[in-house]
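Me: I have a model open and would like to talk through how its chains meet. Can we start with the contacts between two of them?

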Amino acid sequence: MELTTLLYGIGLAAVAVNAASGVLEAGRKPFDLFGMVVVALAAALGGGSLRDVLLDRPVFWIADPAYLVTAIVTGLATFALVRLVRLPPRLFLLPDAVGLALFTVIGTQAATSLGAHWLVASLMGVITGVFGGILRDLLCNEVPLVFSGQLYATASWAGALALVGLVAAGVPMGWAALAGGVAVLAIRLCAIAFDWGLPVFSVRK
Amino acid sequence: MELTTLLYGIGLAAVAVNAASGVLEAGRKPFDLFGMVVVALAAALGGGSLRDVLLDRPVFWIADPAYLVTAIVTGLATFALVRLVRLPPRLFLLPDAVGLALFTVIGTQAATSLGAHWLVASLMGVITGVFGGILRDLLCNEVPLVFSGQLYATASWAGALALVGLVAAGVPMGWAALAGGVAVLAIRLCAIAFDWGLPVFSVRK
Amino acid sequence: MELTTLLYGIGLAAVAVNAASGVLEAGRKPFDLFGMVVVALAAALGGGSLRDVLLDRPVFWIADPAYLVTAIVTGLATFALVRLVRLPPRLFLLPDAVGLALFTVIGTQAATSLGAHWLVASLMGVITGVFGGILRDLLCNEVPLVFSGQLYATASWAGALALVGLVAAGVPMGWAALAGGVAVLAIRLCAIAFDWGLPVFSVRK
């Protein structure tokens, strides 16, 4: 499979997974159907939109409506599923972690391919990975997961830096992307399982 | 009258109406004069700015300062009026509904004229119509009207889809825009009058 | 020294000063190291990013990573300093005021050099000056300084209008920028010292 086809598939999967995480979180709130769709769209498209606007690229879901359709369809399907089956409350943490990994890889790769500085490229990975989830949590009036104490944006940045470093070391983009994505997912899942966090500094009362 | 002249006039009217709605809401808060102007500008220019940034068009009030001047003048005039006359508290709901209809039409039309996919174009109408009001409500520390339960963004989306559908069916843009705008206004005013809302789903406690 | 070199130096200084103000405020919250860096970056790069996106210029810290490196290094250095020395709680008000002045000048100058209308250019100065601080305060869950009652955005706008007016009157850009920046700083510091504010209007209960 060609690299561009692979990245396209990963992109659609990331959008679907994040739309599902949005509905799984919004489903615990008294939202109407439209509100659900809005949260799904914000979670699925928010990070990549901010990245594209900052990089002055065409916004991905405007250039290719397949992403928009994927987000709406996955959101509605998740909604139907959630009405039928009782799901454990914190289930959305898993698709959220997968979405974080996929979006981090896509964002870093997109910025790298435009010739961005490695530090900028890694930050674009973090923005793509994190911003949709921040929007979702703000719309649901929850404290954003990013600020929850368990490693989240740090996991994204570590994976993005791994990707950029491997590419600089001559590793082909496909393998570097795989390694970076696995790193994000592994760190994030460990952070949830073992309550990993950076030390907190409170300088004065 | 030519279509472009008509749309230009509608645009200025929408900006004026939304600036007025901003001052009418901010007037109930202990804001200073500058704060009032900021709320008026956010309400009047926020939605269209986000649309233009996403579509990568020149931002409308930077390309043509007439919109900026209109927003500031209308905001100050509304402020003077509000100081002289006692107005009913929820009066801003009416200009807000008119602004929602006008901006929905303009946003959908702008995206359509750039060749956007119909689903993207209708969403651009919703973003143009809704985002300025969300900014206004956030700055005034009110729960955004969009999330209030009564049809709001749904009214905008219904009208935008009507516009896009009529154009696809061969109706000239002018008539399709009129029909779409009237649909938004009618649905929104009925939603306020009869407390229409989508059913709310709360999946679990 | 050439004008462009001077403006480049002012830009780096403004980024450093705002990154420091971010850490000084975040240092009073239970943030981890990554959260500190995020607040520093938002404060230092937020206003200019919004300006560049609205003006459709390349975002300054993507085009030139020196700004990004400056923000990260200054943020970490401030953090180290804050751990060693006990600093008075409201110290960040001073770098914040200097940053407001520098960013106002840069934003107004950047928009003017693109041929923007004077009203638009002055507003770009305000956006550049104010938006980073708003992001910082929102991330730290503080009421934004802009809405605190003491002159803040008004100081920025007054200085921006002075700059634009002096340039229109034939004063060279370098002197106009100096006068505008000093005006912002003087008004803001007086507002803090003497509790200057615009009159507040509360129209009805």
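Reply: Between chain B and chain A there are 0 residue pairs in polar contact, counting pairs with both residues at pLDDT 80 or more; a polar contact here is a pair of N or O atoms within 3.5 Å, where within protein one must be able to donate a hydrogen and the other to accept it, and residues adjacent in sequence count only if both atoms are side-chain atoms. This is a predicted model, in which local features need pLDDT of at least 70, side-chain atom pairs count only at pLDDT 80 or more, and totals for chains, interfaces and linings use all residues. Side-chain values use heavy atoms, with hydrogens and water left out, residues are numbered from 1 along each chain as its sequence is written, and chains are lettered from A in the order in which they are written.

Me: And how many salt bridges between chain B and chain A?

Reply: The rule, a side-chain nitrogen of Lys or Arg within 4 Å of a carboxyl oxygen of Asp or Glu, finds 0 across the interface of chain B and chain A.

Me: Which elements of chain B touch chain A, then?

Reply: Those giving two or more residues to that side are α2 (33-55), α6 (118-139), α7 (153-168) and β2 (200-201) of chain B, with helices (H or I, at least four residues) and strands (E, at least two) taken as DSSP runs numbered from the N terminus. The largest share, 6 residues, comes from α6(B).

Me: What kinds of residues are on that side of chain B?

Reply: The side of chain B that touches chain A divides into 17 nonpolar, 4 polar and 2 charged residues, where Ala, Val, Leu, Ile, Met, Phe, Trp, Tyr, Cys and Pro count as nonpolar, Asp, Glu, Lys and Arg as charged, and the others, Gly among them, as polar.

Me: How much area is buried between chain B and chain A?

Reply: About 2,200 Å², of which carbon and sulfur atoms give 74%; buried area is the accessible area (1.4 Å probe) that two parts lose on being put together, summed over both.

Me: Switching topic, what rotation superposes chain C on chain A?

Reply: A rotation of 120° with 0.0 Å of shift along its axis does it, at an RMSD of 0.0 Å, superposing by least squares on the C-alpha atoms of residues with pLDDT of at least 70 in both copies. That is the relation of a three-fold axis, and in chain C the C-alpha nearest the axis, 4.1 Å from it, belongs to Val53(C).
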